[in-house]
Amino acid sequence: MGNVTVIGAQWGDEGKGKVIDWLADRADVVVRFQGGNNAGHTIVVGNNEYKFSLLPSGVVQGKLSIIGNGVVVDPWSLLDEIERVRGQGLTITPEILAVADNACLVLPLHRDLDAAREARAGAGRIGTTGRGIGPAYEDKVGRRAIRFCDLGDEAALESKISRLLAHHEPLRRGLDLPEVTPDALLAMLRQVAPKVAPYVRPAWRELDRAIRDNRQVLFEGAQAVMLDVDHGTYPFVTSSNTVAGQAAAGAGVGPSAAGFVLGIVKAYTTRVGEGPFPAELKDATGEKLGERGREFGTVTGRKRRCGWFDAVLVRQSVAIAGIDGIVLTKLDVLDGFETLKICVGYRLRGETIDYLPASLADQAAVEPVWEEIEGWSGQTHRARSWKDLPAAAVKYVRRIEELIGAQIAFVTTGPERADIIMMRDPFRG
Ligand code: GDP
Ligand code: IMO
Ligand code: MG
């Protein structure tokens, strides 16, 4: 059996957490490789609803869970999350949780910068989650970030802090933010360091060992291909690469370790935050999708924008991220719609095109070309076998498969762990 990399193939919130929890049963290790606490992955098991932003979803099944070097980690948020899920009965110990010693920290000054920039941008804002993710990645590539391995080294920490603040102070002054003194930041880090220290270690070594021992690794993507900093709807994107290729760099393994790439897609489309969304429905149908799908953000509680399934977008994600198979989630949300639509092309200045162009102006100008497809009166909600699906639902799923050029490995039909129909085992390729 090989490894599996799970990524979002639209604009996030496709149901990655649920799929990872389901697959984690057969995995030995679950690894986050990018993003930070901008992610919100929901898992429903019986009466328990877990919401993870930093912890890999493998912790529900008690699997070794690694926060890889590619993740930017807010240590206070991590500790809060650990306490919260402990309160829900999960066991989080250093035996099952590792944080890469070379992962970079998200600090309060990153959140300040994120918020101040968004406030100043007004109508031009990105609609970030406000977690400081963009500024933290800027400091990472700017080579002035503080990493977990620095926390135990007082001398290094002091010089790193002065280097970091030399960059931030002029920015803060320009944005009317109060000064952060080196002493105040040092005190904060000294206070948090011993609390996170038990989890911090060279995560790549643990992964290397696991891979050599033929253990199954599940890579947990956050965000999605259309939010990728290179391939998404730039600048309305997050600040990391979200494609499957990042699994290797963000965990410290070779590219072949990523294994089977499983793209998660909703049976319709949603987006939270600003930016182009060709298949968006700003009408009663969009409202109905949002209500039926309970489309409110896990992290910020914001209402998600909704639209029909966009096959052009997903086909592009399949190609860019090398997706081997798809999970089609939330099919049950479409129960009871008389007719459904799928976006099968775009009209741009009188021409029909079959891809989303890179230019923001073009992305904003494209108009969807719709294909109408019959809805179903029966229920898919909680269906657990292919034969329980109404014929029209099967037709919808098959049409999507045809349009996006990837096979569907699972369909999900409800938030509960067991509301899933498996057609192909991704661990077996
Ligand atoms: P993620 O960020 O990709 O992990 O997705 P989120 O957890 O942010 O959002 C997905 C939401 O849909 C969660 O509230 C899930 O409990 C829920 N969900 C997942 N799969 C299904 C499904 O098949 N049907 C329904 N109705 N809800 C689902
Ligand atoms: P999961 O893993 C949906 C969006 C934000 C904003 C843009 C940039 O739950 O699918 P950021 O805070 O990252 O700088 O915000 O990206 N965004 C998400 N949208 N799901 C997510 O994660 C997201 N993480 C970031 O709304 O538009
Ligand atoms: Mg989410």
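**Close-up 1. Backbone atoms meet ligand 1 in this predicted model.** A polar backbone atom of G414 sits 3.0 Å from an oxygen atom of ligand 1. G17 makes a similar approach through its main chain, with a backbone N or O atom 2.8 Å from a ligand 1 oxygen. Add E14 to the picture: one of its polar backbone atoms is 3.1 Å from an oxygen of ligand 1. Zoom out a little and 19 residues surround this ligand, with K16, G40, T42, D332 and T412 coming nearest.

**Close-up 2. Ligand 2 has its own ring of 20 residues.** Which residues come closest to ligand 2? They are D13, K16, H41, T129 and T238. Two threonines reach in with their side chains: an N or O atom of the T129 side chain is 2.6 Å from an oxygen atom of ligand 2, and T238 puts a polar side-chain atom 2.6 Å from an oxygen of ligand 2. D13 goes about things through its main chain instead, with a polar backbone atom 2.8 Å from a ligand 2 oxygen. Keep an eye on K16, which is listed among the closest residues here and also among those that come nearest to ligand 1.

**Close-up 3. D13 has a backbone angle worth a second look.** Phi of this residue is near 60 degrees, so to speak on the positive side, and D13 is not a glycine. Where does D13 lie? Look in the loop that runs between β1 (4-8) and α1 (16-24). This is the D13 whose backbone has a polar atom 2.8 Å from an oxygen of ligand 2.

**Close-up 4. A cis peptide bond leads into P235.** The bond in question runs from Y234 to P235, and its omega is near 5 degrees. P235 itself belongs to the loop between β10 (217-220) and α8 (246-249).

**Close-up 5. Domain 1 meets domain 2.** The domain assignment splits the chain three ways: domain 1 takes in 4-10, 20-98 and 201-260, domain 2 covers 104-196, and domain 3 spans 265-428. Measuring over C-alpha atoms, the centres of domains 1 and 2 are 23 Å apart. At their interface, 20 residues of domain 1 contact 22 residues of domain 2. Together the two domains bury about 1,700 Å², and 66% of that is on carbon and sulfur atoms.

**Close-up 6. One salt bridge crosses between domain 1 and domain 2.** D74 and R111 pair up through their side chains, at 2.8 Å from N to O. On the domain 1 side of this interface, β6 (72-73) and α2 (75-87) each chip in at least two residues. Helix α2 gives the most, with three. Sorted by class, that side of domain 1 has nine nonpolar residues, 10 polar ones and one charged. Between the two domains there are also five residue pairs in polar contact.

**Close-up 7. R172 and D112 form a salt bridge between two helices.** Their side chains meet at 3.0 Å, N to O. R172 is in helix α5 (residues 154-174) and D112 in helix α3 (residues 108-121), so the pair ties together parts that are 60 residues apart in sequence. How many salt bridges turn up across the whole structure? A search finds 29.

Technical notes: Residues are numbered from 1 along each chain as its sequence is written. Chains are lettered from A and ligands numbered from 1 in the order in which they are written. This is a predicted model: local features need pLDDT of at least 70, side-chain atom pairs count only at pLDDT 80 or more; totals for chains, interfaces and linings use all residues. Side-chain values use heavy atoms; hydrogens and water are left out. Domain bounds come from an automatic or database domain assignment. Contact means heavy atoms within 4.5 Å. Buried area is the accessible area (1.4 Å probe) that two parts lose on being put together, summed over both. A salt bridge is a side-chain nitrogen of Lys or Arg within 4 Å of a carboxyl oxygen of Asp or Glu. A polar contact is a pair of N or O atoms within 3.5 Å; within protein, one must be able to donate a hydrogen and the other to accept it, and residues adjacent in sequence count only if both atoms are side-chain atoms. Helices (H or I, at least four residues) and strands (E, at least two) are DSSP runs, numbered from the N terminus. Ala, Val, Leu, Ile, Met, Phe, Trp, Tyr, Cys and Pro count as nonpolar, Asp, Glu, Lys and Arg as charged, and the others, Gly among them, as polar. A residue is near a molecule or strand if one of its heavy atoms lies within 4 Å of it.
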